[in-house]
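Here is a set of short questions and answers about one protein model. Keep the sequence and the 3D view side by side as you read.

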Amino acid sequence: MNESMNQSMNQMNIAEPADEIQILGLECFGHHGVFDFERREGQKFIIDLVIGTDSRKAAESDDLHDTVDYGSLAMAVKTNVERDPVDLIETLAQRIADICLADIRALWVRVTVHKPGAPIETTFKDVTLTITRRQST
């Protein structure tokens, strides 16, 4: 980022670019949960991702290599959710965040894991966990 842009952003109180890529409603079938039947039978998990990035270089170059490739990212997340079962959606969400942040162009990520089939003995619509993680500095 050039010096005049830094000054402009500082004047507007913007710490970093506010560009976001969203992947919403990524359906996966996993075997996560603390109960044996969850591990055995599996269930649907829905993943929402919001990735903070700076899209200016990609906008200028019109080159996929200059941005977060959301198609590849979606497939990597889906593959990961559908293998290696864990007990808690907290663990799953962190694992997904780590996948997203492996791309240095992802400045931060917000991951929501939906578990609509959670084993709760009353009527409910959804159980979700949302975490936000940033690149390590």
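Q: In what order do the four strands of the open sheet lie?
A: In this predicted model, strands (E, at least two residues) and helices (H or I, at least four) are DSSP runs numbered from the N terminus. Two strands pair if DSSP finds at least two bridges between them. Pairing in the open sheet is antiparallel, and the order is β1-β2-β3-β4.

Q: Which are the edge strands?
A: An edge strand pairs on one side only. That describes β1 and β4.

Q: What is the average twist from one strand to the next?
A: Axes are lines fitted to C-alpha atoms, for helices over the stretch in contact, and angles run from 0 to 180 degrees between N-to-C directions. From one strand to the next, the twist averages 15°.

Q: What rules apply to the numbering and to the values?
A: Residues are numbered from 1 along each chain as its sequence is written, and side-chain values use heavy atoms, with hydrogens and water left out. As the model is predicted, local features need pLDDT of at least 70 and side-chain atom pairs count only at pLDDT 80 or more, while totals for chains, interfaces and linings use all residues.

Q: What pattern does the protein follow along the sequence?
A: The protein has five helices and four strands. Read along the sequence, they give the pattern α-β-α-β-α-α-α-β-β.

Q: Over how many bridges do β1 and β2 pair?
A: Their pairing is antiparallel. One pair of opposite residues is Phe29 and Lys44, the latter in β2. The count of bridges between β1 and β2 is ten.

Q: Which residue of β3 is the bridge partner of Val50?
A: Strand β2 covers residues 43–53 and pairs with β3 over seven bridges, in the antiparallel sense. Ile51 has Val109 of β3 as its bridge partner. For Val50, the partner in β3 is Arg110.

Q: Why is β2 largely enclosed by the rest of the structure?
A: Buried means under 20% relative accessible area, exposed over 50%, and partly exposed in between (1.4 Å probe, protein chains only). Strand β2 has eleven residues. It is largely enclosed because the number of buried residues among them is ten.

Q: Is Leu24 buried or exposed?
A: Leu24 sits in strand β1. Contact means heavy atoms within 4.5 Å. Leaving out residues up to four places away in sequence, Leu24 touches Ile47, Asp48 and Leu49. Its relative accessible area is 56%, so Leu24 is exposed.

Q: What distance separates the C-alpha atoms of Leu24 and Leu49?
A: Along the chain, these two residues are 25 apart. In space, their C-alpha atoms are separated by 6.1 Å.

Q: At about what angle does helix α4 run to β1?
A: Helix α4 takes in residues 70–81. It lies across β1 and β2. Its angle to β1 is about 30°.

Q: Is Lys115 buried or exposed?
A: Find Lys115 in the loop between β3 (108–114) and β4 (128–134). Beyond its neighbours within four places in sequence, its contacts include His32, Glu38, Phe45 and Asp126. The relative accessibility is 9%, so Lys115 counts as buried.

Q: About how much accessible area does the nonpolar patch with Phe35 have?
A: Patches are made of residues with over 30% relative accessible area and no salt bridge; like charges are joined within 9 Å, nonpolar side chains (Val, Leu, Ile, Met, Phe, Trp, Tyr) within 5 Å. Accessible areas come from the Shrake-Rupley method with a 1.4 Å probe, and for residues only the protein chains shown count as cover. Phe35 lies in the loop between β1 (19–30) and α2 (36–41). Together with Val34, Phe37 and Leu88, it has about 360 Å².

Q: Which residue forms a salt bridge with Asp66?
A: A salt bridge is a side-chain nitrogen of Lys or Arg within 4 Å of a carboxyl oxygen of Asp or Glu. Asp66 is buried, at 17% relative accessible area. Its partner counts as exposed, at 57%. The closest N and O atoms are 3.8 Å apart, and the partner is Lys57.

Q: How far apart are the closest N and O atoms of Asp84 and Arg83?
A: Asp84 is partly exposed at 43% relative accessibility. Arg83 is partly exposed too, at 41%. They form a salt bridge, with the closest N and O atoms apart by 2.3 Å.
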